[in-house]
Each structure stands twice: as C-alpha cells, then as structure tokens.
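Visitor: I would like a close look at the place where the two chains meet, with a word on the aromatic rings as well. Could you walk me through it?

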Amino acid sequence: MKELGKGVRIRIRLIGALFTLGFVLVAMRAFDLQVMQEKQWDERAERQHQKVIPLTPQRGTIFDSNGEELAVSVDVDSIYVEPRKLEDRADATQKLAKALDLTPRAISAKLKGNSNFVWLKRQVAPAQSEQIKAMKLNGVGAIKEPRRFYPNSNLAAHLLGFTGLDPKGLEGLELKYDKMILGRGGYLVMERDALGRGIGAGTPQVQGATRGHDLYLTLDKNLQYIAERELADGLREADAKAGTVVMLEPSTGKVLAMASFPEYNPNALFRYKPSQWRNRAVCDSFEPGSTFKVFLMAAALNEAVVSTTQKIDCENGSYRVGGKEIHDHKKYQKLTPAEIIKYSSNIGSAKIGKMLERKNFHRYIEEFGFGQQTGIDLPGEAIGLVRPPERWFEVDLAAISFGQGISVTPIQLVAATAAIANGGYLMEPYIVERVVDSQGQVTMQNQPRMVRKVIAQDVAHVVSRMMEMTTEEGGTATNGRVPGFRVAGKTGTAQKVDPVTGGYSSDKRVASFVGFLPVEEPRLVMLVAIDEPKKGVYGGLLAAPVFSRIAAQAMQYLKVAPNQDVPAGEALPSLEQIFAEATAPERAKAQEVTTSEASSGPQMPDFMGFSYRQVLELMEERQLNISFRGRGRVIEQSPGPGVAIPYGAPVWVRMAPPS
Amino acid sequence: MEVRQGTDNSILLLAVCLTCLGVVMVFSSSSIMAVRDYGDSLHFLKRQGIYALVGFAAMALMMRIDLDILRKAAWPVLGLCTLLLLAVLIPGIGKKVGGAARWIKIAGVTFQPAEFTKIGLVLFMAHSLARKQEKVKNFRCGFLPYMVVLAVFLGLLLAQPDLGSALTLGIVAIAMLLVAGTRLRYLAGIGLVALPFLYFMIMNVDYRRRRIMAFLNPWEDPSNTGFQIIQSWIAFGSGGAFGTGLGESKQKLFYLPEAHTDFIFSVVGEELGFIGVIVIAAMFMLLVLRGLRTAINAPDEFSSFLAFGITLLIGMQAFANMAVVMGMVPTKGLALPFISYGGTSLVTTLASIGILLNVSRHLPGELR
C-alpha cells in the first residue's frame, strides 16, 4: 500500500477550499433572501396565501345636543358559506333555503362556482341567524356586520339622511359627514393553499376594522319632536301637502330643529317615494312673499332713505307701478314704516323699495344671504333665485319689495331673520357641534361663524320692534303670539308659480310665518312654511298658530321664564303635557318597520336596536312580560319579529352596548 | 450503536443529526399532501423512519466490514450497477414515474439504481486509480478506460433520463481523476468534446431548456416555468431570520412542488429561517471538511480515494441542491442528502458514511 503523494493532498485541500467557498456563497444568498429581502417576500407570500373579503364598515353614532342617540349601528349577523367545507351540499341547500327564506335554486347558484367564500344573506334577522347556528353545518357561519338603525324612526329623518344597504351615506348628515362617520370596514382574512382552498378549520379572522367617528349635533331631539308634531298637526288642519319648520339659535346660527313634511322612516326607506326624502328646509326654494318686507325695511332704515316717523301714502289700496296695478288687502292712507310692516302693506313697501333703489336693495338682499348658499353643513342646498338688478324693471323692484319675483330657501329666510334678531349679524347656520373619534378625542369642533354684519344694531332693534307689532292688536300675525313672551314676526302669503302657465297660480300658495322670541333677548328664530294649504291661504291664519304652539312649548322646554302677563285661558303647556303626548305617535312610527303584518293575538315586534325604555313601552302596551338580558340595545330577541307570542312562552331580548 | 475507538465521531454525529432532522422535515413538509393522497398524514414519516433505520444498519455494517473485502467487490459491484441501470430501462422491470424510468422493484423493494451507481463508481475508481498508481498519467491506461466506463454509465443514466445523477457522477469521476493526477490536458480535451454534447442534451430537450430559461428569468412566466423557483424564494424569504416555526410553512401547501423531496430545503428555510439554513449548511460543510481530512490522512491510496469520492459525492449533491433551491443554478432533480424523502438515497448515503467512518478508523494514531 502506498502513502498519498504530496500533489494529491494539495489537490484535495483545493477541493475543500472550493467547497468552503460554495457554502459561503450559499450562506450569503440565504442571508440576502431571508434577511435583506424578507419584507418583500413576506408580502408576496401573504398576497398569495390570503383571500381577503371586505366587510361592512362600522359607522359612528349620531347624537343630539343632549347626547341622545339619533342614528346608531347595531351588529347583526350576516350568513356566509365556505362551499368547499360543506359536507352534504344538497341537504345543506334545503336546510338553508328554509331557514333563510330563500329558494333552493338561489342558494345552489351561490354555491356554484369555484369560490371559497360566499355571502348567503347579509344582515339577517336574529331569529334566522339563531336557526342557522343551531344547524351546526360545517362551512356555514355568521359574522357580525353593523346595520344602520334610527331609533327614533321618522324623527329628524330628513336631516340625518340615510345609508344604503352597503354602508355609504346617501343623504343628509350621513352623506355630508360620510368620510368621518364611516369607519374602515376591515377584512375577513382567509388563508388558502395553492389549490385555492381555505386552510384551517377555524372561523375566518376579521382584521383592520375601525369604528367611524361620532357626530354630536346642535339639534335638540325634544325640540325637533315638538316641531315635527306641531307641523304635522298644522298641515292636517290646513289640509296641506307639505311644509317645513326651521328653528335656529339666533346668536350662533345653531340649528335647534328642522322638520320637513311629508316624512319618511329611514328604517324602512324602500316604502317611501324619493320625493318624501327631500329636506325641504334646505333643498327647496319658494317665493317669500310679505316676510321679505322686513329685509326691505331693514335695508331702507340702515341706508336712512326713510325715517321711522315718515308717513308714506298708501294710495287707498291701489297703485300703478310700471303699467301694473298693485293692491293692498285693505285700503290704507298714510302709514309709518312700522305700520307698513304691521299691516303688511304692499304699496308702502313698493314705495320704500323705490326710495332705496335697485342697486342698494339688491346689495342688502345679497348681504342678508339670499341668492347664495348659507353654508349649512347639509347636502343639496339650493340657492334660490335673485336676479341681477340690471334686469329689474320698475315693476320688478316693486314686486321684490313685497317678496315676489324672488325665491329663497327656508334656511336662508331663517338665517336672515336671525340677523335682525341678534342685532345685525348674519351667522352661518350649522348642525354638527363636534365630531368625536372612537377614542373620545374631539377631531372637529364647530364654532359659531359670523358671515358679515348686515345692519346696524339700532336698526335691527327698530325692525324687531316693527315685527313685534304684527303680533299686537290689529296686526297681521296676532295668531303668532306666545303667552308670556314678546314675539316678533312677519307673515307671508305667496302665490306659487304655476309650472304650466308660468304665471301665478290662483289657488296654490305658500303660507308662512317667520319670527323670533323673546324680543328682548331672542332665544330662537323660526320659520313655519305651509305648502299648498287647501283650507285658507294666509300665513297669519295657518302658519302663525303653528309657530305659536311650537314656540310656547320650546320656551317651556328651554326654561325661559315668561316676562309678560299670561292672559287668562292661555296658560303655557307644562312639560309633562308636552311629552306625555310624545310617546303615542312615536311608538306608532317605531312600530311601522316591524310589525306590519296583522294577525290575531299579540305579535312580537322587531326590537332590533331598541333601548330598554322603548322595549318596555311597547311590551306594556301589549300587556306582556318580557325579560331583559344584558344592557344597551337589543341585539337578539325571542320569539323572532312578527312571530305570534304563544301564551305563557318565555319572551326575552338580549341587549349589548352599541359597539 | 457501538462506536469503535478511532472512528471520526463528528462525522457520525453530523450524519445522525442530519438524518433525524430529515425525518422531522419530511413529516412537516409532507403531512398535508399525505392526507390528500394517502389519507394518512404519517405516510411519508413512517417510510422515512424505516429508511433511516435501514440506513443506520447499512452504515453500521459498512463501518465494520474489512475494506479489503470492499475493494475486492469493486468490479462485481460495477458489473451489478451496469446490469441494474440496464434493467431499469426494460419495460416491465423498470418503473416509470413522471416520464422517467428511475425505479426498479426487486423482491418487493423499490429502489433507484442511479443512487447505487454513484457509490459503485466511486468504489471502482478508488480501487482502480490506487492500483494503477503512476500509470494514471498514461492516456491509454490511466484515462481512457475511465472515460469508457463513465460514458456507458452516463449514457444509461441519460436514457432514463436522469441528468442530475449523470452530472453528479461525471463531476465526481472527473474530480477523482484530477486528484489522482490525470493530466489536465486530457480533462480539458474531454471537456471540449463533452461540451457540445451537454449543450445538445440540455437545449434539445424541451423541459430542460425551459428550466434554463426559467433560471435566467423566472419572472417572465411566474405562474409556469418560473413558478418553482419563485415559490422557493417566497418560502425562503417569508421565513426570514428566525423562520415561521416548525410545521408552520404555508408554501408546502402545494405551492412548492415536491416539498418533501427536491424542495425540502425551501421548507427548512421557511420554517426554521436563516438560522436553520445556516446551521444545516454549516453541518454539511463540516461533514465535507471532516471527510476530506479523512481522505488526506488515510493510510493508503485506495481508502484515501474512496473517502474523497464519498465526501465529494455527498458534498456535491448537498451544495447543488441548496444552490438550486435558492435559484443560484438552474433547477434539476437532485435530492438533498440525509434530508430529502427517498429510501435509496438515504440508505446509500448512510452506507457510504459507514465506509467513510470505516476509513477514519484506520487513520494514524495521532489523528484519531
């Protein structure tokens, strides 16, 4: 046997060195791939391993100024299927169809295809979800998704707006503040293998969901309630088809109440026509009629083209301007400016308009905010119609002086009146007080914003006093009085433009009243407009009483002490009286969504999202006992909605704090 | 198992560790596939466990066998290997899997003759080169015969076809010739002759050409030809420094082709991370260095060449596999010794480790 030669040893060592080099290269490559490029490959891996199903975002809550909930998101179950995990497809289809009230064909269509995950039915009733869960089918599950719920039903519906079945805001505040209210939906993340099948037996994970921000409104739910109730009553009395009430705080521009009619229930949106969704207070414009005279008077006094003591010849009720005859409803001779307002003289107004001149008048119209958006934080605000003064003929100047040939929105009219009430400052109306994120941090705080000073303070006071005279003996708005308070206001009655003839319609009118109280230090300014009343036409007769009723209750509610004698038989309503009536119609409305199917015997209403108090009221009415589990809002109930309650059966609701 | 005095314990320890690690990784990478295909998550684990036991037995046997007996068996083994390689090509005896006839079934045992051939050729060359001594520099006596044998074996392997084994065999044979002292110009000459053949072998076979192309630019067709290597990169990359944890690989869920055989190292990379990769690579490197040390210090040329050939065989395959799964060289079917699932490979690898350990026993006293 021969020992190894020296050359052989060297060559073997050389091979050893080559190997070492090779393994060092492998190690470097591994370092590069696994340490340097880790993130990049990790992302690729995640992309290929995960199937992501977007979920409905959680919307924030909308609260009124007292922290009462106006719009909430309630978690309800959505049923999904992972078709590949289904064991007996035919059997499951039959069972699911029965439980979810779907046709077997619709279900098998969903189960077809190569999908890992399909929504079977989203946002199902708790009873259905309960049934599904009881079946314990492999591959069928429920995931909580938020559903928008308006606990007060019709209350402030036009203002709040609504959302689609997907959670995007479509109208009102829900639309205007959608970006803030809408949370991030998050995702259902399912792991999958290369063959596209879900990995793991567990339920899919929800990731990245964040809650939307909450809105706190300037709106007061109780004032809103009063306004809606009285408007509805007023419209019924006037046999009118539509109407609106807008109530602001004059010193700040805060919206305290905003009601429109016809109304709708956002919880059962599909039952209403889109015309019923319209927020008339900001989206519609109308001819203001005589209410516009106060702005003419304010402008004329501010420009000093007329003095308060000046006597203006009202031509005994008939006066020709630019070839057209204008009339007063009574024959007046010489009137002071205050009397022109008190008696609402068209001829006197036309004469003052002429003194003021077109350009000046137009400037004040714009400064009072007409012909432009007020900037209120609601979508779809109309601007009305204010023609440029170059195109006003003499007759136009006269007509505009008493509020014809011009159109304004209710919110513009109220905001402009607020400028008279608060000493001359046009305030931008707003409805959202603040926006608060899910951690309770204030992300946006609205402050009162003055648009401009329109008239001098003393002029504002003089005009206020003139408006107060309309509610005094002999004035046009004695029905607008509120016992115990000095009220300033102005009636308006305008013919509507006939869309067919283009001229004024003989029978279609808008009767309105705009005013504020108490005159010394106004707490609220309000417009009541009644559209196309069939019984009577005059604002003083139709709109002023509604104003009076709302204002009286509002003063009580706001605890403003009366400083005038209350005439006998005109006592202010007590708070108990105001809200004792409150529950009955509210309950009726709340029921509308839920138990529409009539049947004999007591029926279980749909309590989803109801509060303890609301549930209790409804059950008391039915004289039934109910047990409560948990606190907050109803998330589950037994028996299911619409199901007849068997005698002696356990009736319960499960509640959870709104998420 | 009894360890004889003088045996290189580090080689033994590395071989045992790598084998055990392999069994674990085979289970981790195959269990889900095993459920799908065999309804038993332990299907591959059980088998690899049995192969490991058989392999350890073969290793123990080879450690104790007299090297002279082994040397005398060199020619018969060479003949047997040739017969097996021929048999594999005969329809009915050879078993075709995926278009390649690589398996043969004798007495109920299925195995790959190519794995035997590797060790058989090493044994033959070690014996022959040691016998010829100075004559290896002679072309007709020391070079041509090996080329003839190699040509026959390579021809038979390519007929299967098994390019990976053929390349391994060719490289190991040439390296052994080189170490034994063959003139470089012969090797250069044979290289020049072989190159066009190699090119033809690769570029004329569609799937091989596609693999080369995929290696050069995997992103050109990431869902098809580039799929394997990209999936392997994703496995390594998403493993990161410390891995996703044993059993946590997602790439093994049918993203990686043959996760329990050729691409098992990618699963290691994903589950055990850079740390695991480095540790395993270092173990192989240590094994190679210990093997080469054994070769250098062996008492005679035969055992020296034998130890060298065995070390090279294992080291080459380990390096090639790692380089392939990391996309450093084009994809070709090569198992990672000790780790990859496969009975023939594991048993022959452990048997050759037994021979290596046998040689290490005979090292001069001071090196023990």
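Guide: Happy to; we start with the contact between the chains, then turn to chain B and the rings.

A word of caution belongs up front: this is a predicted model. The size of an interface is often given as the accessible area lost when the parts come together. Here, chain A and chain B bury about 4100 Å² between them, and 72% of that area lies on carbon and sulfur atoms. In residues, chain B brings 49 to the contact and chain A brings 38.

What about charges and polar groups across this contact? Between chain B and chain A the count of salt bridges is zero. Polar contact is found, with five residue pairs counted between the two chains, both residues of each at pLDDT 80 or more.

Looking at the side of chain B that touches chain A, the elements giving two or more residues are helix 3 (67-72), helix 8 (163-180), helix 11 (227-239), helix 12 (264-297) and helix 13 (301-325) of chain B. Helix 12 of chain B has the largest share of that side, with 13 residues.

Now step back to chain B as a whole. The chain holds 14 helices and three strands, and 56% of its 368 residues are buried. Take the contacts in chain B between residues at least 6 apart in sequence: 72% of them join residues at least 24 apart.

One ring pair gives a concrete case of parts of chain B that are distant in the chain being linked. F143(B) belongs to the loop between helix 6 (139-142) and helix 7 (144-159) of chain B, while Y186(B) belongs to helix 9 (residues 184-203) of chain B, and the two are 43 residues apart. Their ring centres lie 5.4 Å apart with the planes at 45°, so the pair counts as tilted. Both F143(B) and Y186(B) are buried.

That pair is one of 26 aromatic pairs found over all chains in a search of the whole structure. Chain A has a cluster joined by ring pairs, made up of F292(A), F295(A), F361(A), F368(A), F370(A) and W392(A).

Chain A also shows charged side chains placed over rings. The charged end of K351(A) sits over the ring of Y319(A), 4.9 Å from the ring's centre. R434(A) lies over the face of Y216(A), and here the distance to the ring centre is 4.4 Å.

How values were computed. Residues are numbered from 1 along each chain as its sequence is written. Chains are lettered from A and ligands numbered from 1 in the order in which they are written. This is a predicted model: local features need pLDDT of at least 70, side-chain atom pairs count only at pLDDT 80 or more; totals for chains, interfaces and linings use all residues. Side-chain values use heavy atoms; hydrogens and water are left out. Rings of Phe, Tyr and Trp (its six-membered ring) pair if their centres lie within 6.5 Å; planes under 30 degrees apart count as stacked, over 60 as edge-to-face and the rest as tilted. Helices (H or I, at least four residues) and strands (E, at least two) are DSSP runs, numbered from the N terminus. Buried means under 20% relative accessible area, exposed over 50%, partly exposed in between (1.4 Å probe, protein chains only). A charge sits over a ring if NZ of Lys or CZ of Arg is within 6 Å of the ring centre and within 35 degrees of the ring normal. Contact means heavy atoms within 4.5 Å. Buried area is the accessible area (1.4 Å probe) that two parts lose on being put together, summed over both. A salt bridge is a side-chain nitrogen of Lys or Arg within 4 Å of a carboxyl oxygen of Asp or Glu. A polar contact is a pair of N or O atoms within 3.5 Å; within protein, one must be able to donate a hydrogen and the other to accept it, and residues adjacent in sequence count only if both atoms are side-chain atoms.
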